[in-house]
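Let's take a walk through this protein together, one region at a time. Keep the 3D view open as you read.

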Amino acid sequence: MKKPTSKTEGTDPKFQDLQKNTSDATDQFMTTDQGLKINDDNNSLKAGERGPSLLEDFILREKITHFDHERIPERIVHARGSAAHGYFQVHESMAQYTKAGFLQDPSIKTPVFVRFSTVAGSRGSTDLARDVRGFSVKFYTAEGNYDLVGNNMPVFFIQDAAKFPDLIHAVKPEPHHEMPQAASAHDTFWDFISLMPESMHMIMWVMSDRAIPRSLRMMEGFGVHTFRFINKNNESHFVKFHWKPKQGTHSVVWDEAQKISGKNCDFHRQDLWEAIESGNFPEWELGVQLIPEADEHKFAFDLLDPTKLVPEEEVPVTIIGTMVLNRNPDNFFAETEQVAFHPGHLVPGIDFTNDPLLQGRLFSYTDTQLSRLGSPNFHEIPINRSVAPTHNNQRDGHMRQEINTGRVSYHPNSLGGGCPFQAKMAEGGFTSFNERIDAKKVRERSESFSDHFSQATLFFNSQTEVEKGHIIKALRFELGKVETEAIRVRMVGLLSQIDKTLATKVAAGLGIAVPAPAFPMNHGVGADDDFEKHEPKKAEQVTKSSDALTILRNPTVTPSIATKQIAFLCADEVSGASVVSYKNALERKGAVVKIIAPHLGFIKTEEGKKIKVDQSLLIAASVLFDAVFIPAGKGIKQLKGIKEVAEFITDTYKHCKVIGGEDEGALVIQSVQAIMEAGKNADEGIVLNKDTTAFVKALGKHRFWEREEAV
Ligand code: HDD
């Protein structure tokens, strides 16, 4: 058994549970799957040295057969993901609202496994696609597994699960030629969207910088649907879940995202892994918006509509707990790939609402695991196994692990003494919230779901000018890749319902005029004779805005520079003193410094010492860092005129990041065209010949957006 490496692991029940299945080959003989020691793993059994291989070679057959079956189907959506272990702790008992055991006692650390993902791309696609990010949390509670399967955006594209297969077919690579990979910028996606006005709010989020996060550690998470908290008295409160990153919410710009995809398509995966390995454990606060059952109809929108959020100004977010990710998985396939989330994995005290998107999800997740993981016994895979004991009369099936004793596998029974027993509510038995339903069966959508534009406008209004500019550019890019003119025109018509300037600017980029939006709009939904009912409400004038919806004005942004990656461009005869003073100042604040030089190995300092080079200029690129610094030293002059150095500085400048330099380093920076052009108008993000404090302070501002206009 693996020894716990930290105090937390020693007491973590899920860590202990996983150890039953971990295997370490150190100091062990190689064996077959049957335990037979292998004497030669390099040569197959042959009839003579140059003869044919023999069918009787069971060792060769076993090895190749296993290899032939190593792959399982990737997830239908969210195929590319990265995950980590950690724990969750509630700050104070939530008993007033919910009886969920893991939300009662602040001294209890509930183990979690969290998987982040992109949606559209395949398993091997890039981390930096413009896309929604999945944010799935499995809580291994003493009352069974609770899964909060959310995204990094608080709303969704569609209102009813019946449209999910259509949405995904539209966004995935087109079926005739399987292009493009991991991208929404193509005709089928925008064709569908342009016919689904209900997607407009989500489209604003997906076209915003939220869709290109700087790090998985720097994203908010949302449960999206309205759920219910149920307390001991069986009283219900509606609840919306929020994860607020302690690292702040940060994004890259689209030009960076595209370049990162080429330079390091594992950028997010690596960032998460390295942060945890280096002890910089990412943390999120869990927040809830609580709405008493009686207030259900007090909002301008329907709480059951997943294309709407509850503005934080109307219902503030109360922080109730903290989640820390502190351990990387031991094995990607066994844990990250085989983990199976499901919004229907509930504990007493949490329940669903009638959101029609959520209701459909409750079917889909178990169903998909049956083909992905291959058997109804997927709950026995170690990463999916509950730490609460499991007993029922489910039996057999492919790859069953559990050995059920006795002759009884039915209920009621007398032969097994009536076991396993059903639990009364007071004994922790789950009972669904006893909501009264008195209705006719209909295939219809509620009239209260038909305002598709107000919150899209609220989102757009809330953005800073810089962020609005990014949304406009993103739409120009995405629709620019669409080949069918009619789709672009339809989209611009829909955008005009959100904001006239937005539509005009996007249209200008596409070289088209803003059309009057086509009514009726809802071409995609509803029976023909029912069209009127499903017709979206005409857009109303929305003037409100909400800071919580921006990244740049978001209250979660902190000036911390911890885990920021700083490139030090160096060369032989660099000033060791300059490197050390800046490096120490940055590392004291938790930043990570990487030494980049024209060659790998070591560089010599002016003082006659050696510094290890982390990356050569051939491998490093500005887009993989948060800032660049060029130290002093007489040898630094060599960097002048090196194409990669000029590119490094230019891109850092273009992406509004911090550039620092001392003496000879400052001269190299000043020799770069972009910096020369900025001249006297250079902003405070260009920190030349100032002390380390000024550099650290500039880094705390993250980006100097005023530069973007000039660029
Ligand atoms: Fe889903 C996976 C999030 C709607 C059907 N979904 C999946 C994952 C996340 C979400 C984060 C990855 C889980 C993991 O890491 O393994 N999905 C959402 C959110 C939705 C949503 C936030 C709307 C609010 N999903 C949705 C609908 C359906 C599905 C409406 C089907 C009707 N989702 C699936 C799935 C997946 C999945 C096909 C693929 C792999 C899996 O479940 O385990 O069942």
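A good place to begin is the meeting of two domains: ten residues of domain 2 are in contact with seven residues of domain 4. Keep in mind that the model you're looking at is predicted. On the domain 2 side of this meeting, helix α7, made of residues 254–263, gives the most, with five residues. Sorted by class, that side of domain 2 has three nonpolar, three polar and four charged residues. As for the centres of the two domains, their C-alpha centres lie 37 Å apart.

To see where these two sit in the chain, here's the domain assignment: domain 1 covers 7–68, domain 2 is 81–184 + 211–384, domain 3 is 454–549, and domain 4 is 565–710.

Now move to helix α5, residues 187–194. Which of its residues are buried? They are F189, W190, F192, I193 and S194. What do those buried residues pack against? Their partners are α4 (164–171), α6 (200–206), α12 (465–480) and α13 (485–498).

Next up is a sheet. It's an open one with six strands, and if you trace across it you'll meet them in the order β15-β12-β11-β16-β17-β18, with parallel pairing. At the edges stand β15 (615–616) and β18 (686–688); each has a single partner strand, so one side of each is left without a neighbour in the sheet. For β15, the pairing with β12 (residues 592–597) is parallel and runs over two bridges. Look for A597, whose bridge partner in β15 is S616. A helix comes into the picture here too: α16, residues 576–588, packs on the sheet and touches β11 (565–569), β12 and β16 (627–630). Compare directions and you'll find that α16 makes about 150° with β12.

Last stop, the ligand. There are 27 residues around the ligand, and the ones that come nearest are R75, H78, R115, G134 and S364. Which elements give two or more residues to this shell? Three strands do, β2 (110–118), β3 (133–141) and β4 (144–151), along with helix α10 (356–372). Of these, α10 gives the most, with six residues. By class, the shell around the ligand divides into 13 nonpolar, eleven polar and three charged residues.

Methods: Residues are numbered from 1 along each chain as its sequence is written. This is a predicted model: local features need pLDDT of at least 70, side-chain atom pairs count only at pLDDT 80 or more; totals for chains, interfaces and linings use all residues. Domain bounds come from an automatic or database domain assignment. Helices (H or I, at least four residues) and strands (E, at least two) are DSSP runs, numbered from the N terminus. Ala, Val, Leu, Ile, Met, Phe, Trp, Tyr, Cys and Pro count as nonpolar, Asp, Glu, Lys and Arg as charged, and the others, Gly among them, as polar. A residue is buried if 20 or more other C-beta atoms lie within 10 Å of its own, exposed if 12 or fewer, and partly exposed in between; C-beta atoms are placed from the backbone. Two strands pair if DSSP finds at least two bridges between them. Axes are lines fitted to C-alpha atoms, for helices over the stretch in contact, and angles run from 0 to 180 degrees between N-to-C directions. A residue is near a molecule or strand if its C-beta atom, placed from the backbone, lies within 6 Å of it.
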